[in-house]
Amino acid sequence: MAIREIRIAGDDILTKKCKKVTKMTLRTQILIGDMLDTMYESMGVGLAAPQVGILKRVVVIDVGEGPIVMINPEILEASGEQTGEEGCLSLPGKYGIVTRPSYVRVRFLNEKMEEVEMEGEGLLARAFCHEIDHLEGEMYMDKTKDGVYDVTSDEEELIYDDEFEGEDNE
């Protein structure tokens, strides 16, 4: 497969609604493989087709439990609330504080064009919402509480250090 160029905020394609996929074609299969390779190469947890310049309703996600390929995804149910940092491969070096549902149930087609329903909580729920927003031409930066901020190496160290606060480091 191939690594594709990720479109950056300001590119008009990121503001357009995507078209439904009606059948699995060789081109769509290649797109899915390329999207997975691109997401992993960029160390992301999700990628939507418009982020690589294709206006198809295709999303790939991996929050550490293996890849999920979603074709024509839709949110069936959402509940609860979580507020936290969110970033995007189309807005590199930035993050913002976004409130999302803490639980989401989605329906989509898999690579075999079979209907699947899946539930997600926490990071997976956030990823479902974030990537499906891309298919509607929406980006997280428009949903932030106070805009977006630059990620600095100091902040990355602080976040990392906070994870280990209170642990015995003998």
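Here are some numbered notes to help you find your way around this structure, which is a predicted model.

1. **Helix H1 and its length.** A good place to begin is helix H1, which covers residues 26–41. With 16 residues at 1.5 Å a residue, H1 should span 22 Å. The C-alpha atoms at its ends are 22 Å apart, so the expected and computed spans agree. Just after H1 comes Met 43, and its phi is positive, near 60°.

2. **The covered side of H1.** Several residues of H1 are buried: Thr 28, Leu 31, Ile 32, Gly 33, Asp 34, Met 35, Leu 36, Thr 38 and Met 39. What do they pack against? Their partners are three strands, namely S1 (46–48), S2 (58–61) and S3 (68–79).

3. **A nonpolar patch at the surface.** Leu 26 belongs to H1, yet this residue counts as exposed because its relative accessibility is 59%, where the cut-off for exposed is over 50%. Leu 26 joins Met 1 and Ile 30 in a nonpolar patch on the surface. Together the three residues have about 350 Å² of accessible area.

4. **A salt bridge that reaches H1.** Asp 34, one of the buried residues of H1, meets the side chain of Arg 4 in a salt bridge, at 2.9 Å from N to O. This pair links distant parts of the chain, since Arg 4 sits in the segment before H1 and Asp 34 in the helix, 30 residues apart. Are the two partners buried or exposed? Asp 34 counts as buried because its relative accessibility is 6%, while Arg 4 is partly exposed at 24%.

5. **Other salt bridges.** The count of salt bridges in the model comes to 14. As a general point, side chains of opposite charge can pair when their charged atoms come close. One of the bridges here joins Asp 11 and Arg 7, with their closest N and O atoms 3.0 Å apart. Asp 11 is partly exposed, with a relative accessible area of 24%, and Arg 7 is also partly exposed, at 26%.

6. **A bridge between two loops.** Arg 57 and Glu 136 form a salt bridge too, and their closest N and O atoms are 3.0 Å apart. Here the link runs between distant parts of the chain: Arg 57 is in the loop between S1 and S2, Glu 136 is in the loop between H2 and S8, and 79 residues separate them in sequence. Arg 57 counts as buried at 10% relative accessibility, whereas Glu 136 is partly exposed at 28%.

7. **Helix H2.** The next element to look at is helix H2, residues 123–135. Its 13 residues reach 19 Å from the first C-alpha to the last, close to the 18 Å expected at 1.5 Å a residue. How many of its residues are buried? The number is 12 of 13, so H2 is mostly covered. Among them are Leu 124, Ala 127, Phe 128, Ile 132 and Leu 135, along with charged-network members Arg 126 and Asp 133. After H2 comes Gly 137, which has a positive phi near 80°.

8. **A network that includes H2 residues.** Arg 126 and Asp 133, both buried residues of H2, take part in a network of salt bridges. Glu 86, Arg 100, Glu 138 and Lys 143 are linked in that network as well.

9. **A look at Cys 129.** Cys 129 lies in helix H2 and is buried, with a relative accessible area of 7%. Leaving aside residues up to four places away in sequence, Cys 129 touches Ile 75, Arg 100, Pro 101 and Val 104. Its C-alpha atom is 9.5 Å from that of Ala 78, although the two residues are 51 apart along the chain.

10. **The aromatic pair.** The structure holds 1 aromatic pair. Tyr 95 and Tyr 149 form this pair, which is tilted, with 5.6 Å from centre to centre and 35° between the planes. Tyr 95 lies in strand S5 (residues 94–100) and Tyr 149 in strand S8 (residues 148–150), so the pair ties together parts that are 54 residues apart in sequence. Tyr 95 counts as buried at 16% relative accessibility, and Tyr 149 counts as partly exposed at 34%.

Notes: Residues numbered from 1 in each chain as written. Predicted model: local features only at pLDDT ≥ 70, side-chain atom pairs only at ≥ 80, totals over all residues. Heavy atoms only, no water. Patch = residues over 30% accessible without salt bridge, like charges linked within 9 Å, V, L, I, M, F, W, Y side chains within 5 Å. Areas by Shrake-Rupley, 256 points an atom, 1.4 Å probe, with all protein chains shown as cover. Salt bridge = Lys/Arg side-chain N within 4 Å of Asp/Glu carboxyl O. Helix = DSSP H or I, 4+ residues; strand = E, 2+ residues; numbered from the N terminus. Buried < 20%, exposed > 50% of the residue type's maximum accessible area, 1.4 Å probe, protein only. Expected span 1.5 Å × (residues − 1). Contact = heavy atoms within 4.5 Å. Phe/Tyr/Trp six-rings, centres within 6.5 Å; stacked < 30°, edge-to-face > 60°.
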